[in-house]
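Reader: I should like to learn how to read a predicted model. Where should one begin?

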There are 2 protein chains.
Amino acid sequence: MPQEISRRTLIELSVAGTAALAAAEARAQRRPALPKDQKIGFAVVGLGKLSQGQIIPGLRSARSAKLVAVVSGHRDKAARIAAAEGLPTDAIYSYEDYDRIAQDPRIQVVYIVLPNAMHAEYTIRALKAGKHVLCEKPMATSVADCEAMIAAAKAANRKLMIAYRCHYEPKNLEAMRRIRSGALGKPRLVVTDMGRQADPSDPSDAWRLDRKLAGDGALGDMGIYGVNASRYLLNEEPVEVRAWGNTDKSDPRFATTDDLIAWQFRFPSGAICNGSTSFNYNATMSFEVWGEKARIRADPGAFYGGNHFAMVDGGNLKEIDTPEVDQFAREMDWMADVVRGKAPLVSPGEEGLQDVRLMKAITDSLARGGAPISTDWGYKRAVDPAAVVDIVA
Amino acid sequence: MPQEISRRTLIELSVAGTAALAAAEARAQRRPALPKDQKIGFAVVGLGKLSQGQIIPGLRSARSAKLVAVVSGHRDKAARIAAAEGLPTDAIYSYEDYDRIAQDPRIQVVYIVLPNAMHAEYTIRALKAGKHVLCEKPMATSVADCEAMIAAAKAANRKLMIAYRCHYEPKNLEAMRRIRSGALGKPRLVVTDMGRQADPSDPSDAWRLDRKLAGDGALGDMGIYGVNASRYLLNEEPVEVRAWGNTDKSDPRFATTDDLIAWQFRFPSGAICNGSTSFNYNATMSFEVWGEKARIRADPGAFYGGNHFAMVDGGNLKEIDTPEVDQFAREMDWMADVVRGKAPLVSPGEEGLQDVRLMKAITDSLARGGAPISTDWGYKRAVDPAAVVDIVA
């Protein structure tokens, strides 16, 4: 079934110009929500800032997904959120009774929104409980954990999707389409800058500054958007990486993690990516792609909303206007449609593993004074995210 | 005398906030032109696209500088331009009778606008003829040539200025001032991208694609703006460089020169610069500076006009508005004021040499597969270009 849909969207993509694609986009926008009893039930695991601020609100407006359970170590917080969302008390799980979700037919998808180092354990337990899993990025803090998660999904015959929000965001999709269509000419250079000020007094940042919980610091939280963007923009995989860093070890925030890292990827086409990330600079999630003929500038390109994309030809700039959507709703709707057999799995575990491997290569190069590290291990993604055009009701 | 002015502008810079600096800027804008007989006489050497399109028009509107002679290998072109500019026929020189400028008291400054490999010879001959020299960037095609030019200026006791247009451009100056004032917090990252499509059928590009005449290709013509910008934005000098490239040798334009080069500079403060340049991508002269608190985006930042600078704080963008000026007129007026003893020499030969040495380090790293090259040779500029606030009439 997923193959049928994949074929349809890919055909649509290959035969269509931007106009037809925009029409498909508009169609997707107009598609009505499923009746509530046909929506796919999501359990949200971890009730931090992202869950409360984005994911649960996203589920309220999703067309194919709905919130059916919450999992938290904080009973009071969980009870408050469950009540506000109209969930019965038996839809509240703690980490201790988490495995009981296996007996809860309301839950079809478990969305893992925990500190990175806990992704593998809670993903694998959900898969063993027979649930599909949507897992936040970065997928895990080690290649071995990623591989174990992929193996668990295969063994359980369940879907494992990594929450690459930008794969489902209209402006990023339009950028991919224009690049694929040749509107920029041959892409030569990608620049990605992803950073922000980390606030150790904010609990949702405190764990991100702790290597045991987060793995990488700025790179794992923010830089990963650039690592992933360079790949989905160019639609190829880096074969070599080098990195330099700058971490002020007198700043207590960086006792265990790296701060600024600047890396370069070399791609098989010859294109180069200059990437950078930091937990100690002004918030930015921007990228640019220089082609022979034109350039796409996204500044910001990966915020939750309010992104600005433009085609730039010398001093002449044309905004890329696409509908503003609830990006979290869209991503979860896609996962729901994957579960319903209506959409291909665009960002599977293998896609998350690839970024974790590349980030490992970046930190390996950093540790070796910027030595080039080969990343030519032959990964190819199964589905081009540019195929994300329409979600079939 | 220059010291007095330098002190004054530096005091102005150090005591003033942006408001006072803007006032100084406005004062400079309002300053009337000198009477024609008090203007400094310029001879323009080389009558290609830049001279005809920018420099000679700039001299028409300059306040302290005027065109008094042209030097060209094309007698017809020179005669046509001389007539249009109201110059007598004895103000037309060929390369053969160039040394006769020594006997021409109308000429005080010689502006060298020749292919890069000819800069050294024509600069040194002008200095030996007792003239001051303004020389286009890159200063020369070798470190040895730069050193010979500096020595010749010293021996002749004449001024040698390199035409770093952006050192005199209001938006770039405002960016420098804001960075120096701490408005961005500590600068952490600079990204510079400077490129365009080179057109081999255009004579002014043809020589830029010939290593014998140009030295470096895209790096020497466009990339140098980024090399220089990272230094004037951060007000420090890189201590280490690495570079990767991508040149399509099947493209006949790149038979002798490099195309795309992506480099990284490491600065003593810990700041990093990701730079890139190409003769095979869409025109761009952009840079960004990320600080702890805010970011400055310049896109474009180094065009002849129409540059757009903005302060960016997360998704919030505020344009930096400064007067649009004739950048070439302003640069030549500064040179004229240097000659008149009214302004400090901001971009002397040493400043040109520093960029040539850094570009040599970039191409050395490129040739060695991206190996880090130390650039920690202790260069310090004499005058911060941020001091360019006011030109005293």
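Author: Begin with pLDDT, the predictor's confidence in each residue, from 0 to 100. In this predicted model, local features need pLDDT of at least 70 and side-chain atom pairs count only at pLDDT 80 or more, while totals for chains, interfaces and linings use all residues. Residues are numbered from 1 along each chain as its sequence is written, and chains are lettered from A and ligands numbered from 1 in the order in which they are written. For chain A, the average pLDDT is 92, and 91% of the residues score at least 70. The model has an ipTM of 0.89 and a pTM of 0.91.

Reader: Over which residues of chain A does pLDDT stay under 50?

Author: Where pLDDT is low, the predicted coordinates should not be read in detail. In chain A this concerns residues 1–21, where pLDDT stays under 50.

Reader: How many residues does each chain give to the contact?

Author: Two residues are in contact if their C-beta atoms, placed from the backbone, lie within 7 Å. Chain A gives 37 residues and chain B gives 37 residues. On the side of chain A that touches chain B, the largest share, seven residues, comes from E11(A), a strand (E, a DSSP run of at least two residues, numbered from the N terminus).

Reader: Which residues does B:Val44 contact, leaving aside its neighbours within four places in sequence?

Author: With those neighbours set aside, the contacts of B:Val44 are B:Ser51, B:Ile55, B:Ile56, B:Leu67, B:Val70, B:Val71, B:Tyr111 and B:Val113.

Notes. Helix = DSSP H or I, 4+ residues; strand = E, 2+ residues; numbered from the N terminus.
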